[in-house]
Amino acid sequence: GEIGNSPRSYQPTSVFQASYIQSLPRHQRLRFISTRSTLPAAVVVSSRRRLFEYCDMADGEKESPAAPTSYDEAMEALSSLITKRSRGNNSNKGNQFDLLFHYLKILELEDALDDLKIVHVAGTKGKGSTCTFTESILRNCGFRTGLFTSPHLIDVRERFRLDGVDISQEKFLAYFWWCFNRLKTTCFTLILYHIHAAEFGRYGQERTTEDVPMPPLFRFLTLLAFKIFSAEQVDVAILEVGLGGRFDATNVVQKPVVCGIASLGYDHIEILGDTLGKIAGEKAGILKRGIPAFTVQQPEEAMCVLEDKASNLNVDLQVVPPLDVNLLNGQKLGLEGEHQYVNAGLAIALSFTWLKRTGHLELANQDHTDSLPEQFIKGLTAASFQGRAQIVPDQYVDSEKDGDLVFYLDGAHSPESMEICAKWFSGAVKGEHQSDKAKPQVSSSTHQLKKNIMQVSINVHPFNQCALHESKLLSEILLATLKSSSSLAFMQILLFNCMTVRDPELLLPQLMKTCASQDVYFKKALFAPNMSVYHKVGTHALPSAVPEADLSWQLTLQRVWDNTMQKDKGREAKQVNHVAEEMKDDTGKGGGSLESSSVVFPSLPLAIKWLRDTVRQNQSVRLQVLVTGSLHLVGDVLKLIRK
């Protein structure tokens with residue numbers, strides 16, 4: 001329809017009017033703004049120039065879904081959406097949540113979102129693993145799947161998986177620029193009038209209600225996931241909540257097929273609340289009236305809140321038991337750790353309910369209490385999820401034996417998940433010790449090897465000095481081999497960092513106590529800052545130079561560790577800081593010896609270098625390095641140790 005002739009009528013008072021303006025040809029858009037303005041000519045000219053760039057951008061978008069740009073340029077554009085300068089900022093408490101519905105209109109995703117058949121999962125621990133199991137199950141049932149998780153470890157494309165594989169760079173760029181340019185253009189059109197009014201003190205009160213800024217990072221990524229999954233026509237979209245639930249961007253979904261709430265605990269208390277009841281209330285925000293929901297066994301305080309919220313919404317909330325290991329027919333879950341049987345049980349319930357509610361009764365009607373469909377077993381055993389109970393040998397270390405430097409990666413960052421991580425790590429390293437003992441250490445017995453060495457010396461003529469020297473050298477090599485093969489020492493090393501909003505007094509003692517209860521003790525703890533920075537979305541490429549970091553937080557972590565070690569020994573803690581200096585020479589000496597209990601490195605690459613140098617210089621040592629405290633730390637380590 002026509003938009004009137006009054007001087008103020010060009011103000012886009014709705015997304016629909018903004019869309020109308022955007023749909024006009026470029027020259028009409030410029031004329032539309034200038035002829036309907038009573039503002040001074042200088043402002044109109046300035047605004048025309050500013051709008052000119054966005055008009056060109058929008059016109060280019062109609063010709064091609066992706067502007068010709070590099071992946072790094074897309075990351076720069078994505079980084080511009082980061083509104084918080086540090087993790088844990090308490091501004092994420094539902095600010096302008098309703099704007100998400102405006103963004104859906106701008107991107108024309110309202111109907112597409114309703115058409116997606118969504119599994120929505122919240123929780124403190126295990127929600128990502130539950131989503132991973134669910135996706136793998138339904139994919140192995142023959143459905144085209146879309147999986148949205150967070151955060152990413154190395155590349156932002158990890159957040160968007162199609163049929164179990166990260167979205168391709170080509171598709172990512174196409175969908176990214178389509179969404180980014182469309183939002184940028186429309187949001188600019190919506191606020192253009194208010195820019196003018198603010199400059200001249202007019203209509204100031206209206207600006208707060210009409211201003212539509214670009215969405216912040218996670219909201220944009222969520223919208224992008226909706227665009228990708230709808231355009232790729234997935235049969236099922238599995239969405240992991242980013243933070244909380246009630247005000248999370250994924251909660252713009254109004255008609256999920258089924259909802260799940262994984263294990264609850266204390267995390268993000270500065271945003272979600274400082275009690276389990278408050279946290280459970282936020283997580284229960286994803287429940288929708290009449291939509292079936294499942295959870296696992298929860299602490300009583302949390303369970304009471306979940307049941308109350310479910311009752312008010314007429315939601316049939318069912319508590320799911322852990323998966324019975326016998327149902328796997330002798331196979332192992334694809335994700336390591338005893339706690340994964342809890343997540344697998346929840347994933348099975350979500351998958352069966354999704355099949356039933358979407359009309360796939362041939363699988364949904366099977367009784368899964370005594371047996372599981374073959375597709376379910378295959379999905380559970382083939383599931384994979386980076387950075388969660390993951391074991392990765394260093395691919396760069398140059399030593400005589402494989403497996404001398406192995407990283408055990410888990411992004412645990414709450415007291416509860418730290419306990420689970422410690423149990424997994426302890427079991428994994430003890431299992432490796434047992435398997436190593438079972439291997440034949442050398443091809444012959446110790447007695448036979450010594451006999452061979454003696455025979456070499458006897459057969460050498462005493463006046464043949466050259467041969468005598470060679471025989472001694474050979475003897476030394478053989479004896480060194482014997483010594484290294486018969487006295488291989490396993491040493492557990494901790495590589496740790498966490499966000500400043502976490503409480504290391506809760507995390508580190510829990511880790512140490514749980515490992516000690518399994519007779520696993522860390523020889524040394526390393527503390528280093530992450531390479532990734534919060535204000536920039538990076539790529540898989542390593543930084544060309546590591547900037548100097550403020551080590552005050554790492555020194556705090558070290559003090560907590562040393563104090564815990566000393567308390568455990570019943571002595572007063574010594575407040576000593578061991579800060580590793582950059583390597584002085586090519587020998588790699590630095591970072592302290594294996595005898596000191598902890599050390600702070602100025603950068604993560606230096607910590608990795610010290611580990612590699614230690615292995616090279618101590619051939620009888622095998623290092624088992626637990627990397628935990630932060631998923632971002634895990635991602636940075638993966639960048640450094642994978643080829």
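This is a short tour of one sheet and some aromatic rings, stop by stop.

Before you click, note that the model is predicted: local features need pLDDT of at least 70, side-chain atom pairs count only at pLDDT 80 or more, and totals for chains, interfaces and linings use all residues. Residues are numbered from 1 along each chain as its sequence is written, and side-chain values use heavy atoms, with hydrogens and water left out.

**Stop 1: the sheet**

Switch to cartoon and pick out the open, mixed sheet of 6 strands, in the order β9-β10-β14-β11-β12-β13. Its edge strands, pairing on one side only, are β9 (390–393) and β13 (598–600). On average, neighbouring strands here are turned by 20° against each other, direction ignored. Strands (E, at least two residues) and helices (H or I, at least four) are DSSP runs numbered from the N terminus; two strands pair if DSSP finds at least two bridges between them.

Now select 405–409 and 621–628: these are β10 and β14, parallel over 5 bridges. Click L409 and you'll find its bridge partner, V627, in β14.

Next, show 604–617, helix α22, which packs on the sheet and touches β10, β11 (489–496), β12 (522–527) and β14. Contact means heavy atoms within 4.5 Å. The direction of α22 makes about 140° with that of β10. Then add 631–641: helix α23 lies across β9, β10, β11 and β14, at about 150° to β10. Axes are lines fitted to C-alpha atoms, for helices over the stretch in contact, and angles run from 0 to 180 degrees between N-to-C directions.

**Stop 2: aromatic rings**

Rings of Phe, Tyr and Trp (its six-membered ring) pair if their centres lie within 6.5 Å; planes under 30 degrees apart are stacked, over 60 edge-to-face, the rest tilted. That rule gives 20 aromatic pairs. Try F97 and F101: edge-to-face, 6.2 Å centre to centre, with 80° between the planes.

Move on to F160 and F172, whose centres are 6.1 Å apart with planes at 45°, so this pair is tilted. F160 sits in strand β3 (160–162) and F172 in helix α8 (169–199), so the pair ties together parts 12 residues apart in sequence. Both are buried (under 20% relative accessible area; exposed is over 50%, partly exposed in between; 1.4 Å probe, protein chains only). Widen the selection to Y71, F148, F160, F172, F176, W177, F180, F218 and F220, which form one aromatic cluster.

**Stop 3: charges over rings**

Select W178 and K227: the lysine lies over the ring face, 3.9 Å from its centre. Finish at F385, where the charged end of R388 sits 3.8 Å from the ring centre. Here, NZ of Lys or CZ of Arg must be within 6 Å of the ring centre and within 35 degrees of the ring normal.
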